[in-house]
Amino acid sequence: SVSAMASAPAIYTLPVSPFGLSVSAAALPEMSGAVGRDATHLLRERVNSGLRQIAFLVVPSAVALAALGDVVAAALFQTGRFTAEDARYVWGILAGSSIGLLATTLGRLYSSTFYALRDTRTPLRYALVHVGVATALGYIAAIILPPALGIAPLWGTVGLTAAASIGGWVELILLRRTLSRRIGETGLPTSLSLRLWSAATPDYFDFQQFS
């Protein structure tokens, strides 16, 4: 389980770094300038634009990790003592992480927006909430649920990543709600979210049919 937990982040962070962190880092100077001009509408437009950019790239990545994680893990790691069964185990861990992939990447942009507003306490406070939720749910999912459900304790690691994903969504909701009160409504339109998820999901079924 330790080896699998070390291997899975190598795959999970692939979409986080170029899609989430890069967009957030690129947006920070422009958002800081907008704050300096007291133009909150420009700041709001930049946030919403960044959210759309991130979601456009991350939603397909999340679907790929959840649906094809065993293929990706096998392609990268399956050799020697790393077997197909190990690839499926890493897949389970990736599936748990994929639940919160979008929330984690969007949360980076929201945090950068608070930094542009010269507010570092709010992201820190909500990050601690994230850790608290992930810790509490992770204990339940990793320690209590496997024996209760009659499954191998090894699969409790999947519960750990799923718990961290739920914590990521809690953090995102708190960040979005607080920021919206300060600069106006922000977030992904529901119609856009539905289009992105519906467009990404058939690609998986097409791949399965082809394979």
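The questions and answers below go through a predicted model of one chain, from its confidence to its helices, rings and single residues.

Q: Which helix has the lowest mean pLDDT among the elements of the chain?
A: The chain averages a pLDDT of 84, and 91% of the residues score at least 70. Among the elements, helix α5 (residues 121-149) has the highest mean, 94. The lowest mean, 71, belongs to helix α7 (residues 190-210).

Q: How many contacts does the stretch of residues 207-211 have beyond near neighbours in sequence?
A: The pLDDT over residues 207-211 is below 50. Beyond near neighbours in sequence, the number of contacts this stretch has in the model is 2.

Q: What is the class of the aromatic pair of Phe77 and Phe82?
A: A pair of aromatic rings is described by the distance of the centres and the angle of the planes. For Phe77 and Phe82 the centres are 5.7 Å apart and the planes stand at 45°. Planes under 30 degrees apart would count as stacked and over 60 as edge-to-face. The angle fits neither class, so the pair of Phe77 and Phe82 is tilted.

Q: Which of Phe77 and Phe82 is buried?
A: Buried means under 20% relative accessible area. Phe77 has 24% relative accessibility, so Phe77 counts as partly exposed. At 17%, the residue that counts as buried is Phe82.

Q: How many residues apart in sequence are the parts tied together by the pair of Tyr89 and Trp155?
A: Tyr89 and Trp155 form an edge-to-face aromatic pair, with 5.2 Å from centre to centre and 90° between the planes. Tyr89 belongs to helix α3 (residues 84-98), and Trp155 to the loop between α5 and α6 (156-183). The pair therefore ties together parts whose separation in sequence is 66 residues.

Q: Is Trp155 buried or partly exposed?
A: Tyr89, its partner in the aromatic pair, has a relative accessible area of 8% and is buried. The relative accessible area of Trp155 is 37%, so Trp155 is partly exposed.

Q: Where does α5 bend?
A: α5 has 29 residues, and the distance from its first C-alpha to its last is 40 Å. This is close to the 42 Å expected at 1.5 Å a residue. The helix nevertheless has a bend of about 30°, located at Ala141.

Q: Which elements are included in what covers the buried residues of α5?
A: The buried residues of α5 include Thr122, Tyr126, His130, Gly138 and Pro146. Included in what covers the buried residues of this helix are α4 (101-116) and α6.

Q: How far is the charged end of Arg125 from the centre of the ring of Tyr126?
A: Tyr126 is one of the buried residues of α5. The charged end of Arg125 sits over the ring of Tyr126, and its distance from the ring centre is 5.2 Å.

Q: Where is the kink in α2 centred?
A: Helix α2 (residues 40-77) has 38 residues, yet its end C-alpha atoms are only 47 Å apart. A straight helix would reach 56 Å at 1.5 Å a residue. The model has a kink of about 85° in α2, centred on Leu68.

Q: Which residues does Ser61 touch, not counting those up to four places away in sequence?
A: Ser61 is in helix α2 and counts as buried, with 16% relative accessibility. Not counting residues up to four places away in sequence, Ser61 touches Pro15, Phe19 and Leu101.

Q: What separates the C-alpha atoms of Pro60 and Thr201?
A: Pro60 is also placed in helix α2 and counts as partly exposed, at 38% relative accessibility. Among its contacts outside the four nearest places in sequence is Ala200. Pro60 and Thr201 are 141 residues apart along the chain, and the separation of their C-alpha atoms is 7.8 Å.

Q: Is Arg118 buried or exposed?
A: Arg118 is found in the loop between α4 and α5. Its phi is positive, about 65°, although it is not a glycine. With 62% relative accessibility, Arg118 counts as exposed.

Conventions
Residues are numbered from 1 along each chain as its sequence is written. This is a predicted model: local features need pLDDT of at least 70, side-chain atom pairs count only at pLDDT 80 or more; totals for chains, interfaces and linings use all residues. Side-chain values use heavy atoms; hydrogens and water are left out. pLDDT is the predictor's confidence in each residue, from 0 to 100. Helices (H or I, at least four residues) and strands (E, at least two) are DSSP runs, numbered from the N terminus. Contact means heavy atoms within 4.5 Å. Rings of Phe, Tyr and Trp (its six-membered ring) pair if their centres lie within 6.5 Å; planes under 30 degrees apart count as stacked, over 60 as edge-to-face and the rest as tilted. Buried means under 20% relative accessible area, exposed over 50%, partly exposed in between (1.4 Å probe, protein chains only). A charge sits over a ring if NZ of Lys or CZ of Arg is within 6 Å of the ring centre and within 35 degrees of the ring normal. The expected span of a helix is 1.5 Å times one less than its number of residues. The bend at a residue is the angle between axes fitted to the seven residues ending there and the seven starting there.
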